[in-house]
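Biologist: I'd like a close look at one part of this model, the sheet in chain B, and at how the rest of the chain is arranged around that. Could you walk me through what you see?

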Amino acid sequence: MARMAGRRTLFAAPVLLLVTFGVFAVAALSPFDPVKAYAGTAGLTASQAELDQLRANLGVDRPFTARWWDWLTSALTGDLGISAVLRQPVADVIAGRVGWSAMLACCAFVAALLPATVLGVLAARRRGGLLDRAATALAYVLEAAPAFWLGLLAVWLFAVRLGALPSGGLTDAAADTVTAGQVAPHLVLPVLVLALSQLPWFYLYVRQGVADALEEDPVRGARARGLSERRVLLGHALRSGMLPVLTLIGSRVPELITGALLVETVFSWPGIAAATVQAATSVDFPLLAALTVLATAAVLAGNLLSDLLYGLADPRVGFDG
Amino acid sequence: MTARTVRGAAGAALATALITGVTACANPSGPARPADSAVVGIATEPQTLSPLLGYGKDGNSKIFDGLLTHDADMKLRPALAEALPEVSADGRTYTYRLRQGVKFSDGEPFTAADVEFTYRTILDPATNNASKTELDAIESVTAQGPDRVVFTLKYPYAPFAERTVLPIAPQHVAGKQDVNGGGFGTRPVGTGPYVLTGWSKGEKISFRANPSYWGGEPAVKKFTMAVIKDDDVRATRLRSGELDAAVLPPNLAEGFAGDRTRRTFAAKTFDYRNVTLPTQHPVTGDPAVRQALDVAVDRATMVDKLLDGAGKAAYGPVPTDSPWFTPGTERAYDLGRAKRILDDAGWKPGEDGVRVKDGVRASFPLWYTTGDKIRQDHALAFASDARKAGVEVTTEAGTWEVIEPRMKTDAVLAGGGSPADPDFDQYLLLTSSLAGDGFNNMARYDNPVVDRALTDARRSGDPAVRKAAYDTVQRELVKNPGYVFLTHIDHLYVVNDRWDGPGTQVEPHDHGLGSGPWWNVEHWKPKQK
């Protein structure tokens, strides 16, 4: 198990290298102009000489390969550079935001996984029943609904129509300090929306996995031994039916990140997603590269986690090597 | 992790409860805050709070003071300077005497060295300040002793004093950091009426009163600016009581019109929308077409329908209610005259109603920036008015990246306006030598009379000479419009009626957090009940 984790970590290095190179290449091809994004409205009255000076200062007139190499060598020494658009060191940007994003993602993950599992098991127990049909239909609808649309809908309903929950931000505007009592109500809508966008996948997988498992020999054997239906369902069918879900947990990490991107934007959540959007639209190379590394690392870690869980849950699967 | 899990589960449970309709209370009014605390909703936030990178360059920066400041009538008043500057006879030397005993919020004294440091750093080519073109006139800035600063200019520049509302940064803090990415931009220290307590980017900026402010401690002790991009959400949060004030578009501000606990402020502005008429395009380059379009647009209807009445018809960069405006340059909507001008110039209606001259169809594209509803509305209205005169305008949306390479020949729905001095926007907009320099003089307007008048106006210290020069410019724009000016747009704000003091200045196109009724929040007083 340790060997597998170690090998995967070694394998991550070339992947990260390739990904950052790709980000620099794509950013260089982007139609957005970093100088214009940096200057903002002031750029509309600046002289061309001033804009050219800015271009040189920001180093965006150099070929992207050279910029990538510079970024890479300084990143390896721990210096992630300065974000032009936020006028702040990249390390500060990430340190100040990643916690809030992680909090949102973890809460949403739990809020999606638990109800999905319960609903999935209940639906699989009576396939074609009322609950199964209703929940599955709803799952397909939610699956088709984009997260930002769900977000706007939630804001409209809970914040604008009902006035029951805050529509955005981390705390009330007047609040000076960030307290749990302030954050909790502000967390509800973003978590709800992000969870709703993830829930259908987990639900459908659990439902399918458990339903398939109910047809399998071990379950038939368990029933033959006269075990209670509850024991059969939770102890046997759910256990083997959850295996594909473990795979899903890993592969849903990228989805969770892109979902968070949209949800954070809608709810002005001060996480890394807002920074990512800004970094992308203003072609802020250092910030974009650091955030991509972070996202890539999260995906690789997610895959590793699901492989490890799989190995632990199913003795038939080894830790590859 | 357990705490998060619990909180997440609790959140999900609460959400489920809400979905099922347990909570059905509508619009609870927010907690009544004490009147010494104010929360205002703004639409955009600054990229940085460092004056060295451009923050607060037009004044009202809360955290900082400039040498001078603008009062409610946009007249210059001394701030960190003791008095208005002494200007030498040749108009090239400005001497400021500094106020004594002013301290930065960290307790260090403010001196002439800080002023010199601020201006020198901004002018340094290595400083990434996109607004430094505005200080182009400065040749040198020198501290003479602790309380005197002398600016020497490259050329006589009459409106220079207007630029010195620029906030002064402390050398002992900002001088020790990297100017472009150092912590000063997020943790600033200034001499101003407020001290920054927190800045959650994209969410809010929080201030508390500076107890040792040289102008006296503000009565509003806690001041917060909530950054809310979406107009509807901002209006909702204002209605719920979470915000005390907000900037709103006309249609949403109207919803608060009958509210006795709130007041609506319509700030007069220099904020114009115009259509560039590129001289390089065969159709818009023809003076007859320009003149015809200038009288073919129905400005009154645009103000009425597009702005819900919150604005004025624009006949040039100067709004009609400004002392700089030249009476008699208003142009009435006159479709018949527009048609006559085009007929006389040889533009004859073709089969599809679009005029033709020497095989050239009277047709040109008009670009507006994607997602800007006001510009889109203006562009469509302009196109429809032009069509009535037989000129076909095809509207297209794009980002500035798409528009910029086309600006030379394609028309653009542009905006601008700067109230502090007519030179600030007119020189950049109309000077022929700045044609196509960045985004300046987009239309490549080239009129020697205007060039001369603009130069005279910026060099002369005599107000009468300056007024005469800007009169010349406005009259020339009637004869040969390089742009069709459409409207000047009012900026609307709704404020809880709990304070004495809110009011508005004349506002620029680019109205950041220094604009709005809270420009002078440090002078607000809670109302006696």
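Modeller: Sure, let's start with one pair of strands. In this predicted model, strand β1 (residues 37–42) of chain B runs parallel to strand β10 (residues 222–227) of chain B, and six bridges link the pair. To put a finger on one of those bridges, take B:G41: its partner in β10(B) is B:A226. Helix α5 (residues 231–239) of chain B packs on the sheet here, where it touches β1, β11 (245–248) and β22 (491–496) of chain B. The direction of α5(B) makes about 155° with that of β11(B).

Now zoom out to the whole sheet. It is an open one of seven strands in chain B, and if you read across it you get β8-β9-β10-β1-β11-β22-β12, with mixed pairing. The edge positions go to β8 (194–200) and β12 (262–267) of chain B; each has a single partner strand, so one side of each has no neighbour in the sheet. Going from one strand to the next, the twist averages 20°.

How does that fit with the domains? The domain assignment splits chain B into domain 1 (8–45 + 201–268 + 491–526), domain 2 (51–182) and domain 3 (272–489). Take domain 1 and domain 3 of chain B: their centres, taken over C-alpha atoms, are 36 Å apart. Where these two domains of chain B meet, ten residues of domain 1 are in contact with nine residues of domain 3. On the domain 1 side of that contact you'd find five nonpolar, two polar and three charged residues.

Further along chain B there's a helix pair to look at. Helix α7 (residues 287–296) and helix α9 (residues 335–344) of chain B have axes that come within 8 Å and cross at roughly 170°. With angles over 145 counted as roughly antiparallel, α7(B) and α9(B) are therefore roughly antiparallel to each other. On the α7(B) side, the contact is made by B:A288, B:V289, B:Q291, B:A292, B:V295 and B:A296, while α9(B) brings B:L335, B:R337, B:A338, B:I341 and B:L342. Sort the residues of that α7(B) and α9(B) contact by class and you get nine nonpolar, one polar and one charged.

There's another open sheet in chain B, this one of three strands in the order β15-β16-β17, with antiparallel pairing. Here β15 (348–349) and β17 (360–361) of chain B are the edge strands, each with a single partner, so one side of each is left without a neighbour in the sheet. Two bridges join β15(B) to strand β16 (residues 355–357) of chain B in the antiparallel sense, and B:P349 has B:R355 in β16(B) as its bridge partner.

Last, the other chain. Between the two chains, 56 residues of chain A are in contact with 57 residues of chain B. Elements giving two or more residues to chain A's side include α2 (34–39), α3 (48–58) and α5 (90–125) of chain A. The largest share of that side, seven residues, comes from α3(A). By class, the side of chain A that touches chain B has 36 nonpolar, 14 polar and six charged residues. An unreviewed UniProt entry lists residues 187–206 and 287–305 of chain A among those under "transmembrane region". In the model, residues 187–206 of chain A are 100% helix, with end C-alpha atoms 27 Å apart. Residues 287–305 of chain A are 100% helix too, and their end C-alpha atoms lie 27 Å apart.

Notes:
Residues numbered from 1 in each chain as written. Chains lettered and ligands numbered in written order. Predicted model: local features only at pLDDT ≥ 70, side-chain atom pairs only at ≥ 80, totals over all residues. Axes fitted to C-alpha atoms, helices over the stretch in contact; angles between N-to-C directions. Helix = DSSP H or I, 4+ residues; strand = E, 2+ residues; numbered from the N terminus. Parallel < 35°, antiparallel > 145°, perpendicular 65-115°, else oblique. Contact = placed C-beta atoms within 7 Å. Nonpolar A, V, L, I, M, F, W, Y, C, P; charged D, E, K, R; others polar. Pairing = 2+ DSSP bridges. UniProt positions renumbered as here; feature names shortened; annotations may be inferred. Domains from an automatic or database assignment.
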